[in-house]
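Reader: Please pick one part of this model and take me through it closely. Short sentences, please, and tell me what each term means.

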Amino acid sequence: MESNESLKSYTYNLLAERGVTVESIAELVMYVQQPYLPNLTMEECIDSVHSVLDKREVHNAILTGIELDRLTEQGVLSQPLQNIVENDEGLYGIDEILALSIVNLYGSIGFTNYGYLDKVKPGIIKQLDSKVGGRCNTFLDDLVGAVAAAAAGRIAHNEPTRVIHAVVAG
């Protein structure tokens with residue numbers, strides 16, 4: 001069995017290879033939580049992302065998703081799965097299911113955070129979803145959103161007295 005540290009290191013390296021940094025995920029956390037925590041700092045967001053990325057189940061989800069994206073880029077999945085993943089078909093949904101294994105780590109608020117991020121696709125999520133550079137990120141965009149959603153939920157649950165009710169303009 002791989003050690004937690006080995007999986008953690010491999011996960012961080014995979015994310016970096018795909019153009020995803022802890023800071024880019026932390027920006028999503030800030031985007032989601034700042035209306036409710038106006039004095040939230042980027043350092044808190046980064047710390048929360050690291051806490052989510054420390055979990056073995058998160059490593060496993062990210063490793064699986066990125067591997068499926070890579071295999072799709074190589075064109076080695078069998079049909080019709082190759083076309084489904086390559087085109088990120090809306091009715092496929094398995095990419096979201098894999099991401100949902102991450103979102104509830106710090107409470108059900110992760111589900112609402114994730115749904116919001118998946119709908120508006122801010123920051124790195126939009127970049128990954130655009131398929132710039134010919135990469136397949138069918139799984140990765142959802143996994144990044146899930147990590148951010150869980151990290152935002154962690155902040156909300158760890159700081160309930162700081163949370164203010166806000167109406168976010170849409």
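Author: Here is a close look at one helix, followed by some of its surroundings.

First, the ground rules. This is a predicted model, and residues are numbered from 1 along each chain as its sequence is written. Local features need pLDDT of at least 70, side-chain atom pairs count only at pLDDT 80 or more, totals for chains, interfaces and linings use all residues, and side-chain values use heavy atoms, with hydrogens and water left out.

Start with helix 7, residues 109-120. A helix here is a DSSP run (H or I, at least four residues), numbered from the N terminus. How far should the 12 residues of helix 7 span? At 1.5 Å a residue, the answer is 16 Å. The expected span is 1.5 Å times one less than the number of residues. The end C-alpha atoms are 17 Å apart, which agrees.

Now look at which residues of helix 7 are hidden. Gly110, Asn113, Tyr114 and Leu117 are buried. Buried means under 20% relative accessible area, exposed means over 50%, and partly exposed lies in between (1.4 Å probe, protein chains only). These four buried residues cover an arc of only 100° around the axis, so they sit on the same side of helix 7. The arc is taken from the directions that run from the helix axis to the C-beta atoms. Why can residues spaced along a helix point the same way? An α-helix has 3.6 residues a turn, so residues three or four places apart share a direction. The other side of helix 7 has Thr112 and Lys119, and both are exposed.

What does the buried side pack against? The buried residues of helix 7 pack against helix 2 (22-33), helix 6 (94-103), helix 8 (123-129) and helix 9 (140-158). Just past the end of helix 7, Lys121 has a positive phi of about 50°.

Next come the aromatic rings. The structure holds 2 aromatic pairs. Rings of Phe, Tyr and Trp (its six-membered ring) pair if their centres lie within 6.5 Å; planes under 30 degrees apart count as stacked, over 60 as edge-to-face and the rest as tilted. Tyr31 and Tyr116 make a stacked pair, 6.0 Å centre to centre, with 15° between the planes. This pair links distant parts of the chain: Tyr31 is in helix 2, Tyr116 is in helix 7, and 85 residues separate them. Tyr31 has 39% relative accessibility, so it counts as partly exposed. Tyr116 is partly exposed too, at 34%. In the other pair, the rings of Tyr92 and Phe139 have centres 6.2 Å apart and planes at 90°, so that pair is edge-to-face. Tyr92 lies in the loop between helix 5 (81-86) and helix 6, while Phe139 lies in the loop between helix 8 and helix 9, 47 residues apart. Phe139 is buried, at 1% relative accessibility.

Step back to the nonpolar core. The term means a set of buried Ala, Val, Leu, Ile, Met, Phe, Trp, Tyr and Cys residues joined through side-chain atoms within 4.5 Å. The largest core has 47 residues, and Val49, Ile102, Val144 and Val147 touch the most other members. Helix 7 is one of the helices that each supply at least two residues of this core. Helix 9 gives the largest share, 11 residues. Take Val49 as a sample. Its contacts include Val22, Ile25, Val147 and Ala151, leaving aside neighbours within four places in sequence. Contact means heavy atoms within 4.5 Å.

Ser48 comes next, in helix 3 (residues 42-53). Ser48 is buried, at 0% relative accessibility. Ser48 touches Ala151, Arg154 and Ile155, not counting residues up to four places away in sequence.

End with Asp54, in the loop between helix 3 and helix 4. Is Asp54 buried or partly exposed? At 39% relative accessibility, Asp54 counts as partly exposed. Its side chain and that of Lys8 are joined by a polar contact of 2.8 Å. A polar contact is a pair of N or O atoms within 3.5 Å; within protein, one must be able to donate a hydrogen and the other to accept it, and residues adjacent in sequence count only if both atoms are side-chain atoms.
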